[in-house]
Amino acid sequence: MNRRTAMRIVFDIQGDLCVLSHRETMTMWARVLARSGLPVSFSAGFNPHPRLSLPLPRAVGVEGEGEVLWVQLERVCTLSETEGLAQKLPAGCTIRCIEVPASPGPRQAVRADYVFERGEEVSADFWLERLQWAQQQLLSGEPIWRERQKPGRQNKILDVHSYLEGIRGDSERICLVCRITPEGTLRLEEMLDWLGLKREDLAGPPRRNNVVWTDN
């Protein structure tokens, strides 16, 4: 993006909105920005669309804290022109900050935390047993093999260890520190499978936060 016309929006998405897919989240922002009157840049051609980018896709069913949206504008936009944007967002989406950066980066996510909260039906003893087992396996340094399902294609064998930088937690929550590479990262189902947990074991949607960005 041209650095003179790029705007970065940092936002949270929670509650029912976490079930939006990546494309649906883009559509939500396109509509919000259209109502805001901001000078959003559009592509050329018969079907122009706003020049937006969510550089780190979020899995369906995962809440996000500190998500990043890049918007390309037709002209330099002052922050005072963005003041009404927050009022046009649906419940469950809140803006943390809006920046007009002097440089276009950082753009590449390299690490993120995924937080899982213990549900009421799961005992604290079982939760702690799973946490300690996972910590020991990670500390062992041994490969943690899992088979990634790829419908219509040959399944892929991957080493979970290569995507994990750490794990911490207590009797109420488990936090996985995941590495993000150009080839991808762990999927939510793979994290839960390794931990020996199911979605119904959780108090609510998993949450992604503390995303670390670096220059391209």
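## Helix α3, mostly under cover

In this predicted model, helix α3 is mostly covered, with six of its eight residues buried. Those six are L188, E190, M191, L192, W194 and L195. E190 is worth a glance when you click through them, as this Glu is listed among the buried residues.

What sits on top of them? The cover over the buried residues of α3 includes helix α2 along with strands β5, β6 (145-148), β7 (156-159), β8 and β9. Right after the helix comes G196, and its phi is positive, near 75 degrees.

## Helix α2 and its buried face

Now for α2, one of the elements covering α3. This helix runs over residues 124-140, which makes 17 residues. From first C-alpha to last, α2 reaches 24 Å, close to the 24 Å you'd expect at 1.5 Å a residue.

Its buried residues are W127, R130, L131, A134 and L138. Look down the axis of α2 and these fall within an arc of 100 degrees, so they line one face of the helix. That spacing has a simple background: an α-helix has 3.6 residues a turn, so residues three or four places apart point the same way. Swing round to the other side of α2 and you'll find D125, Q136 and L139 exposed.

The buried residues of α2 pack against four elements: β5 (108-117), β8 (164-169), β9 (173-179) and α3 (188-195). Just past the end of α2, G141 has a positive phi of about 80 degrees. So a glycine with positive phi turns up just after α2 and another follows α3.

## Aromatic pairs

How many aromatic pairs does the structure hold? There are two. In one of them, the rings of F11 and W29 have centres 5.1 Å apart and planes at 65 degrees; planes over 60 degrees apart count as edge-to-face, so that is what this pair is. F11 belongs to strand β1 (residues 6-13) and W29 to helix α1 (residues 22-36), so the pair links distant parts of the chain, 18 residues apart. Both F11 and W29 are buried.

The other pair brings us back to the two helices above. Here the rings of W133 and W194 have their centres 6.2 Å apart, and their planes stand at 45 degrees, so the pair counts as tilted. With W133 in α2 and W194 in α3, the pair ties together parts 61 residues apart in sequence. The two partners differ in cover: W133 is partly exposed at 30% relative accessible area, while W194 is buried at 1%.

W133 has another neighbour to check. The charged end of R130 sits over the W133 ring, 4.5 Å from its centre. R130 is also one of the buried residues of α2.

## Salt bridges

The structure holds 16 salt bridges. One of them joins E165 and R179, whose closest N and O atoms are 3.4 Å apart. This pair links distant parts of the chain, with E165 in strand β8 and R179 in strand β9, 14 residues apart. Buried or exposed, where do these partners fall? E165 counts as partly exposed at 38% relative accessibility, and R179 is partly exposed too, at 29%.

Helix α3 takes part as well: the side chains of E189 and R199 meet in a salt bridge at 3.5 Å, N to O. E189 lies in α3 itself, while R199 is in the loop between α3 and β10 (207-214), and the two are 10 residues apart. E189 has 48% relative accessibility, which makes it partly exposed. R199 is partly exposed at 38%.

## A salt-bridge network

Which residues make up a linked network of salt bridges? They are E65, E117, D170, R173 and R207. Within it, D170 bridges to R173, with the closest N and O atoms 3.6 Å apart. D170 is partly exposed, at a relative accessible area of 32%, and R173 is partly exposed as well, at 35%.

Terms used
Residues numbered from 1 in each chain as written. Predicted model: local features only at pLDDT ≥ 70, side-chain atom pairs only at ≥ 80, totals over all residues. Heavy atoms only, no water. Expected span 1.5 Å × (residues − 1). Buried < 20%, exposed > 50% of the residue type's maximum accessible area, 1.4 Å probe, protein only. Arc of directions from axis to C-beta. Contact = heavy atoms within 4.5 Å. Salt bridge = Lys/Arg side-chain N within 4 Å of Asp/Glu carboxyl O. Phe/Tyr/Trp six-rings, centres within 6.5 Å; stacked < 30°, edge-to-face > 60°. Lys NZ or Arg CZ within 6 Å of the ring centre and 35° of its normal.
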